Amino acid sequence: MTPAARRVLEAAGRLFYAHGIHAVGVDLIAAEAGVTKKTLYDRFGSKEQVVVEYLAGRDERWRAFLAERLEGAGGEGSEGSAEGDGGAARVSAVFDASRDWAAEYGAKGCAMVNAHAEISDPAHPAYPVIAAQKAWMLELFTRLAGELGPGEADRVGRVLMLLHEGALVAHGLGVVPDPFGDAREQARALVGVRRS
């Protein structure tokens, strides 16, 4: 990626997250990036592709951020146990990672949820990025639930996902003092009931 393209994505990311995708035009993105509209279109082809790259990049950074946290909580390849407290620690680590991510990168809530509020048409090129990110999170929670032992991993994974999504939205709205902490405690209670 050229330096100009990186500047476009950095500017678009800041603007889209702060103001919304539909509210931000290519003129503003180009001006903030210090490039011409022609350069923006030469590098990306369309505003829609800038949106795709913005969301894909944010998802990639989130996955890397979360992978580090899961590794530190006894993830794959570490010395933590796949059973018992190690598994519960990884479930908690997702909620803790989300709280830390939100404090640093997400004062307005989940970028994917926010984007979906504006892009609900499955034909939009960014829609698959949004849907894939949420499907990945569901698969992660289902896998973590399965690591805790035999049982209803699919159902528990869905409940963990719903707790997490609710915390993301509540954080963005600012209506609950510590949504990730509250959701984490509910997740730990669910996991404890499941393990007993």
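Reader: Which residues of helix H3 (residues 37–44) are buried?

Author: In this predicted model, where local features need pLDDT of at least 70, side-chain atom pairs count only at pLDDT 80 or more, and totals for chains, interfaces and linings use all residues, the buried residues of H3 are Thr39, Leu40 and Phe44. Buried means under 20% relative accessible area, and exposed over 50%, with a 1.4 Å probe and protein chains only. Residues are numbered from 1 along each chain as its sequence is written, and side-chain values use heavy atoms, with hydrogens and water left out.

Reader: Why do the buried residues of H3 line one face of the helix?

Author: An α-helix has 3.6 residues a turn, so residues three or four places apart point the same way. Seen down the axis of H3, the buried residues fall within an arc of 105°, so they line one face. Their cover includes helix H1 (3–19), helix H2 (26–33) and helix H4 (47–72).

Reader: How should I read the crossing of H7 and H8, and what is its handedness?

Author: Two packed helices are described by the angle between their axes and the distance between the axes. The axes of H7 (residues 127–147) and H8 (residues 153–173) come within 8 Å and cross at roughly 130°. That makes H7 oblique to H8, a class left for angles that are not under 35 degrees, over 145, or from 65 to 115. The crossing is right-handed, and the residues of this contact (heavy atoms within 4.5 Å) divide into nine nonpolar, four polar and four charged.

Reader: Is Pro177, in the loop between H8 and helix H9 (179–195), buried or exposed?

Author: At 87% relative accessibility, Pro177 counts as exposed.

Note on methods: Axes are lines fitted to C-alpha atoms, for helices over the stretch in contact, and angles run from 0 to 180 degrees between N-to-C directions. Helices (H or I, at least four residues) and strands (E, at least two) are DSSP runs, numbered from the N terminus. A crossing is left-handed if the near helix is turned anticlockwise from the far one by less than a right angle, and right-handed if clockwise. Ala, Val, Leu, Ile, Met, Phe, Trp, Tyr, Cys and Pro count as nonpolar, Asp, Glu, Lys and Arg as charged, and the others, Gly among them, as polar. The arc is that of the directions from the helix axis to the C-beta atoms.
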